[in-house]
Amino acid sequence: MWNRRRALRTIAAAGACAVLRPATALAQSRAILTRPIPSTSEALPVVGLGSWITFNVGDDPVARDACTDVMRNFIETGGRTIDSSPMYGSSQEVIGYGLRKAALTGRVFSADKVWISSGAQGRDQIERSRQKWQVARFDLVQVHNLLNWQEHLPTLFAMKGSGQVRYVGITTSEGRRHRDIEQLMRSQAIDFVQVTYNPVDREVEERILPLARDRGIAVIVSRPFGEGALLRALMRQPLPPWAADIDCTSWAQLVLKFIVSHPAVTCAIPATTSVAHVRENMNAACGRLPDESLRRRVIAAVERV
């Protein structure tokens, strides 16, 4: 994180931006790239905000206010999707604190998870999470790492049917249980799947991403930077000059643009505690995206590192 902070330079924030689909909220006259959720065609900005580790700051008032600043700047620069989980320590309470303090509640796409072994306690956990976020309802609830999906998915489908949640999804962390994910994508009427994907972790390109396109399932990409390890390695090398061809001024933007340029990907959710980083990340949701030739160059450049 500190290497990235030292390497960060002035981020180009102006200029015309190529558009997949313009978001309603624009920041600094930029058109934010969006992708439609296949089941409804609702548009989401292609870069969101994760909260794993970064928002687990407990009751520290200074750290909570710093997270609030991250969320405020995320929304101001055109972001919308914020993702969390009961697994993420105090992250849910910190999100709720920040949304209330910065008056952002009505401007976010709230994505959370159910993560409890007891199916009977799933609804109660979701309600506790909702109260921590202080939202009227979640936009998306996902079964975290498929924990007891057999009981939780019917609960979520019933909640969706009654209007208590808007979308239903499943997740897997770090490439685990891809076969089970694929089976559920084929057999269950889910709206979202959350997986890990970046230029060095491309296993989902083989089956899961094509299946998502075929089945009309939105894809959220978690851990786009490998919890920072990928960027720390890349920072040791200069950014390739051809990165400017797709409006990138940093390795973080190059990695994010590689991810969201895949046609099956709906949104990537990098996590950060830095306002500078969240603004840098949101610049990856603007401008030109790599074509197939440039995607191969990104892979080659990252693999050399």
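This is a short walk through some salt bridges and one histidine in the structure above. Keep in mind that the model is predicted.

I will start with the total. Across the whole structure, a search finds 20 salt bridges. I will go through some of them.

Take Asp65 and Lys101. They form a salt bridge, and their closest N and O atoms are 2.8 Å apart. Asp65 sits in helix α2, residues 61-76, and Lys101 in helix α3, residues 91-101, so this pair ties together parts that are 36 residues apart in sequence. How buried or exposed are the two partners? Asp65 is partly exposed, at 26% relative accessible area. Lys101 is also partly exposed, with a value of 47%.

Helix α3 comes up again in the next pair. The side chains of Glu93 and Lys132 meet in a salt bridge, at 3.8 Å from N to O. Glu93 belongs to helix α3 and Lys132 to helix α4, residues 122-133, so the pair ties together parts that are 39 residues apart in sequence. Glu93 counts as partly exposed because its relative accessibility is 28%, and the cut-off for buried is under 20%. Lys132 is partly exposed as well, at 31%.

Next, Glu227 and Arg223. This salt bridge has its closest N and O atoms 2.7 Å apart. Which of the partners is buried, and which is partly exposed? Arg223 is buried, with a relative accessible area of 18%. Glu227 is partly exposed, with 41%.

Some salt bridges join up into a network. One such network links Arg202, Glu205, Glu292, Arg295 and Glu303.

That brings me to the histidine. Where does His262 lie? His262 is in the loop between α9, residues 251-260, and β9, residues 267-268. Its relative accessibility is 11%, so His262 counts as buried.

What does His262 touch, if we leave aside its neighbours within four places in sequence? The contacts are Arg35, Tyr197, Glu205, Leu209 and Arg295. Two of those names, Glu205 and Arg295, were in the network I just listed. Glu292 is another member of that network. His262 and Glu292 are 30 residues apart in sequence, and their C-alpha atoms are 9.1 Å apart in space.

To recap the last part: His262 is a buried residue in a loop, and its contacts include Glu205 and Arg295, which are both linked in the salt-bridge network. That is the end of my part.

Methods: Residues are numbered from 1 along each chain as its sequence is written. This is a predicted model: local features need pLDDT of at least 70, side-chain atom pairs count only at pLDDT 80 or more; totals for chains, interfaces and linings use all residues. Side-chain values use heavy atoms; hydrogens and water are left out. Helices (H or I, at least four residues) and strands (E, at least two) are DSSP runs, numbered from the N terminus. Buried means under 20% relative accessible area, exposed over 50%, partly exposed in between (1.4 Å probe, protein chains only). Contact means heavy atoms within 4.5 Å. A salt bridge is a side-chain nitrogen of Lys or Arg within 4 Å of a carboxyl oxygen of Asp or Glu.
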